Protein chains: 2
Amino acid sequence: MYALSWSLKNIIFQNSSDTLILLYVKPHHHDTFTPLDSTGIMDDPQTPGHVLSPKASAAIKKYSQDVVDCVLQKSKRICKDLENVKLETQVERGNPKDVICEMSRKLNADLLVMGSHDYGVMKRAFFESVSEYCSQNVKCPVLIVKKPKPHAGAGN
Amino acid sequence: MYALSWSLKNIIFQNSSDTLILLYVKPHHHDTFTPLDSTGIMDDPQTPGHVLSPKASAAIKKYSQDVVDCVLQKSKRICKDLENVKLETQVERGNPKDVICEMSRKLNADLLVMGSHDYGVMKRAFFESVSEYCSQNVKCPVLIVKKPKPHAGAGN
């Protein structure tokens with residue numbers, strides 16, 4: 001949300017025929033889960049996870065869809081004053097890193113805008129952030145917007 | 001140059017009181033060099049490298065300055081049609097990664113624009129690109145612009 005707001009506030013795209021696509025990537029497997037064994041290591045990934053009851057599965061699916069709807073509605077509200085730019089939304093399923101790179105290529109994107117967490121040195125040693133991966137693997141220009149940390153002493 | 005052209009062509013900054021700063025980072029030690037020993041490992045970094053003759057040193061310094069002047073002049077030519085934006089140039093000395101991060105902080109930059117090489121998977125395993133390092137360590141938004149590869153079959 002911050003990356004979207006920042007881009008709309010600070011950057012104007014010259015070409016009024018531009019299309020802004022809000023891409024939401026849902027993770028895989030909302031209706032099944034793969035249990036961990038006692039060592040914390042995932043069971044054979046070839047075997048499907050436990051299948052939830054139809055009721056629980058439906059509830060999780062509904063919750064997942066509610067999250068998507070909520071995020072996209074909030075994003076659209078941020079874009080409501082956007083003039084001369086066509087707004088589209090797209091929901092895909094998969095690993096965010098791969099889906100974002102693949103969609104940027106498929107859509108022939110002119111610019112990819114991404115939010116980013118400000119991982120510390122330790123976390124960065126273990127996790128590669130989605131924005132980092134995409135900025136390396138996407139061919140088009142990438143704009144990475146980090147949410148600024150609240151100033152010390154500013155409360156909250 | 002490509003990152004600068006792309007930004008000017010595709011993005012307009014809303015605030016007409018913006019300042020565009022062209023930052024050039026010269027590497028350290030243009031007038032001395034530290035020889036490698038037979039193992040290819042650098043001599044004790046605490047000892048200064050061989051000192052060149054004053055004539056050779058002056059020639060290298062002049063060449064280095066010529067490169068800076070040439071790059072900045074070319075950059076300014078690219079910016080010549082820029083309206084309502086103040087243009088400044090800044091030349092610093094040091095490790096590009098560190099200097100870019102430090103200057104972004106010092107100048108309280110709103111946006112850092114960087115070019116980037118499209119390293120392959122193998123090269124990325126050994127080298128961390130300057131843009132990658134900066135996008136992780138700079139607090140402000142970062143725009144990374146890669147030069148597109150010429151299309152296959154398009155000659156050159």
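**Close-up 1. A salt bridge along helix α2 of chain B in this predicted model.** Let us begin with B:Asp66, which is partly exposed at a relative accessible area of 36%. Its side chain meets that of B:Lys62 in a salt bridge, with 2.8 Å from N to O. B:Lys62 is itself exposed, its relative accessible area being 52%. Where do B:Lys62 and B:Asp66 lie? Both belong to helix α2 of chain B, residues 54–78, and four residues, about one turn of the helix, lie between one position and the other. An α-helix has 3.6 residues a turn, so residues three or four places apart point the same way.

**Close-up 2. Salt bridges between Lys86 and Glu88 in chain A and in chain B.** In chain A, the side chains of A:Lys86 and A:Glu88 come together in a salt bridge with an N to O distance of 3.3 Å. A:Glu88 counts as partly exposed, at 29% relative accessibility. Turning to chain B, B:Lys86 and B:Glu88 form a salt bridge whose closest N and O atoms are 3.3 Å apart. Are B:Glu88 and B:Lys86 buried or exposed? B:Glu88 is partly exposed, with a relative accessible area of 29%, while B:Lys86 is exposed, with 51%. Over all chains, the count of salt bridges comes to eight.

**Close-up 3. Helix α3 of chain B and what covers its buried residues.** This helix spans residues 96–106, and its buried residues are B:Val99, B:Ile100, B:Cys101, B:Met103 and B:Ser104. What covers them? The cover includes three strands of chain B, β2 (19–26), β5 (86–93) and β6 (112–116), together with helix α5 (130–137) of that chain. Have a look at the start of α3(B) too: here a side-chain oxygen of B:Asn95 reaches to within 3.0 Å of the backbone nitrogen of B:Lys97. After the helix comes B:Asn108, which has a positive phi, near 55°.

**Close-up 4. The surroundings of B:Ser104, a residue of helix α3 in chain B.** With a relative accessible area of 9%, B:Ser104 is buried, because the cut-off for that term is under 20%. Which residues does B:Ser104 touch, not counting residues up to four places away in sequence? They are B:Ala109, B:Leu112 and B:Val138. B:Lys139 is 35 residues from B:Ser104 along the chain, and the C-alpha atoms of the two are separated by 8.3 Å.

**Close-up 5. A four-stranded sheet with strands from chains A and B.** The sheet is open, its pairing is mixed, and its strand order is β6(A)-β7(A)-β7(B)-β6(B). Which strands stand at the edges? They are β6 (112–116) of chain A and β6 of chain B; each has a single partner strand, so one side of each is left without a neighbour in the sheet. From one strand to the next, the twist averages 20°. Within chain B, β6(B) pairs with strand β7 (residues 142–146) in the parallel sense, over five bridges. B:Val113 has B:Leu143 in β7(B) as its bridge partner.

**Close-up 6. Helices against the sheet.** Helix α1 of chain A, residues 2–10, packs on the sheet, where it touches β6 and β7 (142–146) of chain A. The direction of α1(A) makes about 115° with that of β7(A). Strands of both chains lie under the next helix to visit: α5(B) lies across β7 of chain A together with β6 and β7 of chain B. The angle of α5(B) to β6(B) is about 155°.

**Close-up 7. The packing of helices α3 and α5 in chain A.** Helix α3(A), residues 96–106, and helix α5(A), residues 130–137, pack at an angle of about 35°, and their axes are 9 Å apart. The crossing of α3(A) past α5(A) is right-handed. Which residues meet here? A:Pro96, A:Lys97, A:Asp98, A:Ile100 and A:Cys101 come from α3(A), and they meet A:Val130, A:Tyr133, A:Cys134 and A:Asn137 from α5(A). As context for this view, chain A holds five helices and seven strands, and 26% of its 156 residues are buried.

Terms used
Residues are numbered from 1 along each chain as its sequence is written. Chains are lettered from A and ligands numbered from 1 in the order in which they are written. This is a predicted model: local features need pLDDT of at least 70, side-chain atom pairs count only at pLDDT 80 or more; totals for chains, interfaces and linings use all residues. Side-chain values use heavy atoms; hydrogens and water are left out. Buried means under 20% relative accessible area, exposed over 50%, partly exposed in between (1.4 Å probe, protein chains only). Helices (H or I, at least four residues) and strands (E, at least two) are DSSP runs, numbered from the N terminus. Contact means heavy atoms within 4.5 Å. A polar contact is a pair of N or O atoms within 3.5 Å; within protein, one must be able to donate a hydrogen and the other to accept it, and residues adjacent in sequence count only if both atoms are side-chain atoms. A salt bridge is a side-chain nitrogen of Lys or Arg within 4 Å of a carboxyl oxygen of Asp or Glu. Two strands pair if DSSP finds at least two bridges between them. Axes are lines fitted to C-alpha atoms, for helices over the stretch in contact, and angles run from 0 to 180 degrees between N-to-C directions. A crossing is left-handed if the near helix is turned anticlockwise from the far one by less than a right angle, and right-handed if clockwise.
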